[in-house]
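Let's walk through this protein together, one piece at a time. Have the sequence and the model open side by side as you read.

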Amino acid sequence: MLDQFGKVAIETLDIPLCMIATDICTANKVVLNEGPLHKAVMASVCLPGIFVPVEWDDMLLVDGVLCENVPVSPLREMGAEDVIAVDLTTNRKYKCPDDIIDVLTNTFDIGLNNMISQQLEDDQTVLIQPELTAYNKADTGKAENLIPEGYEAAMEVLE
């Protein structure tokens with residue numbers, strides 16, 4: 001990842017940027033707005049149990065999905081008034097589970113749905129949630145099909 005991002009620090013970027021991670025030792029939300037960009041990206045997408053947590057200062061960081069899946073609050077803290085957010089994880093139709101993996105997937109998705117609803121309850125964020133039930137979260141080979149799905153969802157919300 002260092003090859004793609006180089007030795008860039010988040011705080012030196014032309015456009016303000018922050019990412020969310022979760023300290024797996026304390027369950028605290030960590031806002032990454034300073035430090036090495038490549039390391040912050042790795043931490044913010046580090047799926048627990050799939051990737052090794054990222055060491056950052058005295059913390060072990062994993063994906064921020066556990067604390068704030070649609071990270072709007074840091075944007076508000078940075079002064080953003082108009083926020084358009086895209087949630088690619090929760091707008092799915094559930095099916096009766098066939099096995100324990102389906103039970104765990106539904107459980108995780110239901111928890112995310114509830115968390116996002118509560119986090120954005122009083123927020124004025126424009127939330128775009130494409131309907132992605134037909135897509136397997138682990139199959140990255142269909143990325144080109146997601147663009148029209150996202151476009152349609154955005155047009156519905158923005159009209």
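How far is the sulfur of Cys67 from the closest cysteine sulfur? That closest sulfur belongs to Cys25, and the separation is 13 Å, which is too far for a bond. Please keep in mind that this is a predicted model, so every value here is computed from predicted coordinates. Cys18 tells a similar story: the closest cysteine sulfur to its own is that of Cys67, 14 Å away and again too far for a bond. A disulfide is a covalent bond between the sulfur atoms of two cysteines. The structure holds 0 disulfides. Burial is another matter to check for these cysteines. Cys18 counts as buried because its relative accessibility is 15%, and Cys67, at 18%, counts as buried too; the cut-off for that word is under 20%.

Now to the strands, beginning with β1 and β2. β1 covers residues 19-23 and β2 covers residues 29-32. They run antiparallel and are joined by 4 bridges, with Thr22 standing opposite Lys29 of β2. Together β1 and β2 form a hairpin with 5 residues between them, and in that turn Ala27 has a positive phi of about 70°.

β1 has a further partner in β4, residues 59-63, to which it is joined by 3 bridges, once more antiparallel. Here you meet Thr22 again, since its bridge partner in β4 is Val62. β4 in turn pairs with β3, also through 3 bridges and also antiparallel. Glu55 has Leu60 as its bridge partner in β4. β3 and β4 make a hairpin with 2 residues between them, and Asp57 in its turn has a positive phi of about 50°. Following the pairings along, you can step from β2 to β1, from β1 to β4, and from β4 to β3.

Where do the side chains of β2 point? They alternate: Val30 and Leu32 point to one face and are buried, whereas Lys29 and Val31 point to the other face and are not buried. In soluble globular proteins, nonpolar side chains tend to be buried together. In this model, Val30 and Leu32 both belong to the largest nonpolar core, a group of 12 residues that also includes Ile10, Met19, Val54, Trp56 and Leu61. The elements that give two or more residues to this core are β1, β2, α2 (37-44) and β3 (54-56). Of these, α2 gives the most, with 4 residues.

Leu32 is a good place to stand if you want to look around inside. Leaving aside neighbours within four places in sequence, Leu32 is in contact with Ile10, Leu17, Cys18, Met19, Ala21, Ala40, Ala43, Trp56 and Leu61. Notice that Cys18, the buried cysteine from the start, is one of these contacts. Apart from the largest core lies another, of 6 residues, among them Val70, Val83, Ala85 and Ile116.

Why is α2 described as largely enclosed by the rest of the structure? It is because 6 of its 8 residues are buried. Those buried residues are Leu37, His38, Ala40, Val41, Ala43 and Ser44.

Next, turn to the largest pocket, which has a volume of about 1300 Å³. Its lining is made of 41 residues, and those nearest its centre are Leu47, Asp63, Asn69, Leu88 and Thr89. β1, β5 (84-86), α4 and α5 (143-158) each supply at least two lining residues, and the largest share, 4 residues, comes from α4.

Two residues let us look at β5 and α4 individually. Val86 lies in β5 and is partly exposed, with a relative accessible area of 48%. Beyond its neighbours within four places in sequence, Val86 is in contact with Ile128 and Pro130. Although Val86 and Ala154 are 68 residues apart along the chain, their C-alpha atoms are separated by 8.7 Å.

Asn106 sits in helix α4, residues 100-119, and is buried, at a relative accessible area of 15%. Not counting residues up to four places away in sequence, Asn106 touches Tyr94, Lys95 and Pro97. From Asn106 to Ile147, 41 residues apart in sequence, the C-alpha to C-alpha distance is 24 Å.

Terms used: Residues are numbered from 1 along each chain as its sequence is written. This is a predicted model: local features need pLDDT of at least 70, side-chain atom pairs count only at pLDDT 80 or more; totals for chains, interfaces and linings use all residues. Side-chain values use heavy atoms; hydrogens and water are left out. A nonpolar core is a set of buried Ala, Val, Leu, Ile, Met, Phe, Trp, Tyr and Cys residues joined through side-chain atoms within 4.5 Å. Buried means under 20% relative accessible area, exposed over 50%, partly exposed in between (1.4 Å probe, protein chains only). Contact means heavy atoms within 4.5 Å. A disulfide is a pair of cysteine sulfur atoms within 2.5 Å. Two strands pair if DSSP finds at least two bridges between them. On a 1 Å grid over the protein atoms alone, a cavity is a set of points where a 1.4 Å probe fits but cannot get out, and a pocket is an open set with protein on both sides within 12 Å along at least five of seven lines; lining residues have an atom within 4 Å of a point. Grid points are joined across faces, edges and corners, and a volume is the space filled by probe spheres set on the points.
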